[in-house]
Amino acid sequence: MYAGKPVEVNDEGFFLDKEAWTKDMAPEIAKEVGIDALGDKHYDVIEYIRKRVAAGEQLSMRGMGKSGVVDLKEFYQLFPGKPLKYATRISGVPKPTSCV
Amino acid sequence: MNEEDKRLKKVCIICAKGNLEDVYAALVMANGAVMEGIEAKLFFTFFGLEAITKSHMEHLHTAVVGNPAMRLPGNIPFPSLMGIVPGMEAMASSMMRKKMEELDIPHVGEFMEMIEAGGGEIFACKLAVDMFGLKKEDLSEHVKDIITIAEFYELAGGDHSQIIFV
């Protein structure tokens, strides 16, 4: 249940249907991974991730570093711990399968 | 004890070999660790120093002689004796690097940058550095320090910590 709407997620909390995601759900998902407040930079990353996934592209840590939206140090600071996993989860897209 | 308590918190990876596949195994494991919020220390020793020596690190090779798993494109077995043909090792290595680039696998220096961005640390073994006659300035800027095995064990301590030898 996010933003007052029931949402189906898998056992790791990733959305089963990325179209069920709305922007107002992001802060609630973020809290679950220990991020208390989302700033503009977070939303830039979320927008980038949703665009890439919508285009059918594979997300990777390397790709995030080359995104032009954040460098990897910033990415680790914005989503501490597991940046790629947390950022994709907050963005309502499937878990990335890349090893790099 | 719940599942949470058993998770890895730190990995210390020792890379003692200088061929492409072993160095990449170490790099993938270290980067994969920091991506998952696991602290990573990477320690290069003996021929593994090849991976952090400025002049060699972007030119790592894979062995074409005595490598029974080596295959030609199209899944054709590669006779070990063919490996002695001049240029064969360079060609096989460059083909592997090209394939890796296609799979979005970074080159060595970039991989180390990614590991550092996630808080991982890279060290060189003092004994091996002395043995190979290397100096700090011969090593990549990604190398944090040249340390002894005693210092390595100090870094490796703590609960939920594992040492991996490549």
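Strand β1(B) has 5 of its 6 residues buried, so this strand is largely enclosed by the rest of the structure. The model that shows this is predicted. Strand β2(B) has a matching status: 5 of its 6 residues are buried, so β2(B) too is largely enclosed by the rest of the structure. The two strands are joined to each other. Strand β1(B), residues 10-15, is linked to β2(B) by 6 bridges, and the two run parallel. Two of the residue pairs can be named. Val11(B) has Ala40(B) of β2(B) as its bridge partner. Cys15(B) has Phe44(B) of β2(B) as its bridge partner.

Both strands belong to a sheet of chain B. The sheet is open and is formed by 5 strands, in the order β6-β5-β2-β1-β7. Its pairing is parallel. The edges are taken by β6 (143-147) and β7 (161-165) of chain B, each of which pairs on one side only. From one strand to the next, the twist averages 20 degrees. Helix α1(B) lies across three strands of chain B, namely β1, β2 and β7. The angle between α1(B) and β1(B) is about 165 degrees.

The nonpolar residues of the model were examined next. In soluble globular proteins, nonpolar side chains tend to be buried together. The largest nonpolar core here has 60 residues. Ile13(B) and Leu42(B) are the residues with the most contacts inside this core. Helix α1(B) supplies the largest share of the core, with 9 residues. The surroundings of Ile13(B) can be listed. Leaving aside neighbours within four places in sequence, Ile13(B) is in contact with Ala26(B), Met29(B), Ala30(B), Ala40(B), Leu42(B), Phe43(B), Ile164(B) and Val166(B).

Helix α3(B) also has buried residues. These are Val108(B), Phe111(B), Met112(B), Met114(B), Ile115(B) and Ala117(B). Their cover comes from both chains. Chain A contributes α3 (61-65) and α4 (72-78), while α1, β2 (39-44) and β5 (121-125) of chain B are also included. After α3(B) comes Gly119(B), which has a positive phi, near 90 degrees.

The two chains touch. On the side of chain B, 12 residues are in contact with 13 residues of chain A. Two elements of chain B, α1 (20-35) and α3 (108-117), give two or more residues each to this side. Helix α1(B) gives the most, with 4 residues. By class, the side of chain B that touches chain A has 6 nonpolar, 4 polar and 2 charged residues. Helix α1(B) thus appears in three settings: it lies across strands of the sheet, it gives the largest share of the core, and it gives the most to the side that touches chain A.

Chain A is helical in its secondary structure, with 5 helices and 0 strands. From the N terminus on, its elements run α-α-α-α-α. The radius of gyration of chain A is 12 Å, close to the 13 Å that the globule rule gives for 100 residues, so chain A is as compact as a globular protein of that length. Along the principal axes, the C-alpha atoms of chain A fill a box of roughly 35 × 30 × 20 Å. Of the 100 residues of chain A, 32% count as buried. Contacts in chain A between residues at least 6 apart in sequence were also considered. Among these, 56% join residues at least 24 apart.

The start of chain A gives a contrasting case to the buried strands. Met1(A) lies in the segment before α1 (26-32) of chain A. This residue has 9 C-beta neighbours inside 10 Å and counts as exposed, because the cut-off for exposed is 12 or fewer. Leaving aside neighbours within four places in sequence, Met1(A) is in contact with Pro6(A) and Val7(A). Pro80(A) is 79 residues from Met1(A) along the chain, and the C-alpha atoms of the two are separated by 24 Å.

Definitions and conventions
Residues numbered from 1 in each chain as written. Chains lettered and ligands numbered in written order. Predicted model: local features only at pLDDT ≥ 70, side-chain atom pairs only at ≥ 80, totals over all residues. Contact = placed C-beta atoms within 7 Å. Nonpolar A, V, L, I, M, F, W, Y, C, P; charged D, E, K, R; others polar. Rg over C-alpha atoms; globule rule 2.2 N^0.38 Å. Buried ≥ 20, exposed ≤ 12 C-beta atoms within 10 Å, placed from the backbone. Core = buried A, V, L, I, M, F, W, Y, C linked by C-beta atoms within 7 Å. Pairing = 2+ DSSP bridges. Axes fitted to C-alpha atoms, helices over the stretch in contact; angles between N-to-C directions.
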